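Dear colleague,

Please find the structure below, with the sequence alongside. My notes on charged contacts, helix packing and a surface patch follow it.

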Amino acid sequence: MDENQELNERFEQLTQALNETDIQKFREVFLDLHIYEQGQFYQSLDESQRQIVYTYLSPKELADMFDVIEEDDEHMTEYLSEMRPGYAADMLAEMYTDNAVDLLNTLDKKQVAKYLSLMPAEDASEIKELLHYEDETAGSLMTTEFVSIVANQTVRSAMYVLKNAADVAETIYYIYVVDTDNKLVGVISLRDLIINDDDTMIADILNERVMSVHVGDDQEDVAQTFRDYDFLALPVTDYDDHLLGIVTVDDIIDVIDDEAASDYSGLAGVNVEEVSENPLKASSRRLPWLITLLFLGMATASLISHYEELVSEASILAVFISLITGTAGNAGTQSLAVAVRRLAISDDKEKSFMRTVIGEVLTGLVTGAVTGLTIFAIVAVWKQNPILGFVIGMAMMCAITVANLAGSLIPMLMDKLGFDPAVASGPFITTLSDLTSVLIYFNIASLFMNYFIR
């Protein structure tokens, strides 16, 4: 029996237990599942079935599952609203603080205040501390459930602290060392505690070169640090190096996923998270971009109309309009994708602007020249007109070079102005390339009209 079949059988057993109100059987099968599998089953239920689940599971047992599914389900606020307020508040209090904060940030202020008022004071206080941090910063990602010790204690006493805190800490692989003012002074690993003698002083084995992030750092920069150093967790400090919390790798995986979706949405000019939306809502999200690009496209149409006399004299020119604009648009989109990626991973934020410009111009010239020579040969043979082939090839080379430069420079300009570079979307670059390509094409053609008209 394969794993999927076995899991489906367990889900059937759980559904049967719910229908027969067999709490003992339900708890036995449900709690034997992996937490992720628990979440899958829970998300497959309707509201009446979930109401029964709330009577079968404690807030702590539900919180363990919500810690796993809270980033992946758009219906989390609906789940909260269908619970008894006191039960929901207890469940939120049992979740890891950072996950509870993420969930509460999706609610309005009145709902947040209601749940906080029903929580134990200590849990509510920890959550309130994190709620005021700006979204998409290290502060909004961090959890306060970590293990810290002081340098002037032994491995034996540190292990005692660790054992007492392990049950509530989000990770115990790193133990952070602070001084009497709670300033971060070092880090040791769980391995360090295990392999050293009980009487060894923490000060003698700690690593003083500890990487940390500031509470206001952007989440993309935090993710970059995780990627560079392969950490499982990173301490978060204020600007006086006081230890405030930690960011764990599971939260960074969610950040990377969100940032990738955001970048792809920008490049496509559409929200890629709308896969489950109804057609009307999906249309309302797509229409603004399409209408904006429609007006930009009208500029291209007007430009072609301006050269109507030229086209009437040499109708063959109309055959190659879409070929040149389409190829240039593709080149611009390629350049845009590379530029957005370069900005996302670049460690050198002050890289020479002119160096980038020269690099993109050379790239555009090489790709444009090869493409231009190819289309020159094709048109020269096909239409038996080398001059026409030269016009098409030259226009292609120039259009690709300009599109390549625009696809690279526009994201850089957006980044300099403080906007997300991915907002310079693929459809926008393509439409802009159409405009510049038509302008280049007809101006070059007008210079050689007398040579290829027969």
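A residue is called buried under 20% relative accessible area, exposed over 50%, and partly exposed in between. With a relative accessible area of 36%, Glu-6 is therefore partly exposed. Please note that this is a predicted model.

Salt bridges

The structure holds 8 salt bridges. Three residues, Glu-6, Arg-10 and Asp-32, are linked in a network of such bridges. Within this network, Arg-10 bonds to Glu-6 through a salt bridge whose closest N and O atoms are 3.6 Å apart. Arg-10 and Glu-6 are 4 residues apart in helix α1 (residues 3-19), so about one helical turn separates them. Arg-10 itself is partly exposed, its relative accessible area being 24%.

Arg-10 also forms a salt bridge with Asp-32, and here the closest N and O atoms are 3.2 Å apart. Because Arg-10 lies in helix α1 and Asp-32 in the loop between α2 (23-30) and α3 (35-43), this pair ties together parts that are 22 residues apart in sequence. Asp-32 counts as exposed, at 51% relative accessibility.

Another salt bridge joins the side chains of Lys-60 and Asp-64, at 2.8 Å from N to O. Both Lys-60 and Asp-64 belong to helix α5, where they are 4 residues apart, about one turn of the helix. Lys-60 is partly exposed, with a relative accessible area of 39%, and Asp-64 also counts as partly exposed, at 28% relative accessibility.

Packing around helix α7

Which residues of helix α7 (residues 85-94) are buried? They are Tyr-87, Ala-88, Ala-89, Met-91, Leu-92 and Ala-93. These buried residues of α7 pack against α4 (47-56), α5 (59-69), α6 (76-82), α8 (97-104), α9 (109-118) and α10 (121-131). Helix α5, which holds Lys-60 and Asp-64, is thus among the packing partners of α7.

Negative surface patch

A negative patch on the surface is made up of Glu-134, Asp-135, Glu-136, Asp-218, Glu-220, Asp-221, Asp-257 and Asp-258. Two helices, α15 (219-229) and α16 (249-268), each supply at least two residues of this patch. One of the patch residues, Glu-220, is found in helix α15. Patch members must have over 30% relative accessible area and no salt bridge. Glu-220 is partly exposed, with a relative accessible area of 34%, so its accessibility lies over that cut-off of 30%.

Yours sincerely

Methods
Residues are numbered from 1 along each chain as its sequence is written. This is a predicted model: local features need pLDDT of at least 70, side-chain atom pairs count only at pLDDT 80 or more; totals for chains, interfaces and linings use all residues. Side-chain values use heavy atoms; hydrogens and water are left out. Patches are made of residues with over 30% relative accessible area and no salt bridge: like charges are joined within 9 Å, nonpolar side chains (Val, Leu, Ile, Met, Phe, Trp, Tyr) within 5 Å. Accessible areas come from the Shrake-Rupley method with a 1.4 Å probe; for residues, only the protein chains shown count as cover. A salt bridge is a side-chain nitrogen of Lys or Arg within 4 Å of a carboxyl oxygen of Asp or Glu. Lys and Arg count as positive and Asp and Glu as negative; His and the chain ends are not counted. The place of a charge is taken as NZ of Lys, CZ of Arg, CG of Asp or CD of Glu. Buried means under 20% relative accessible area, exposed over 50%, partly exposed in between (1.4 Å probe, protein chains only). Contact means heavy atoms within 4.5 Å.
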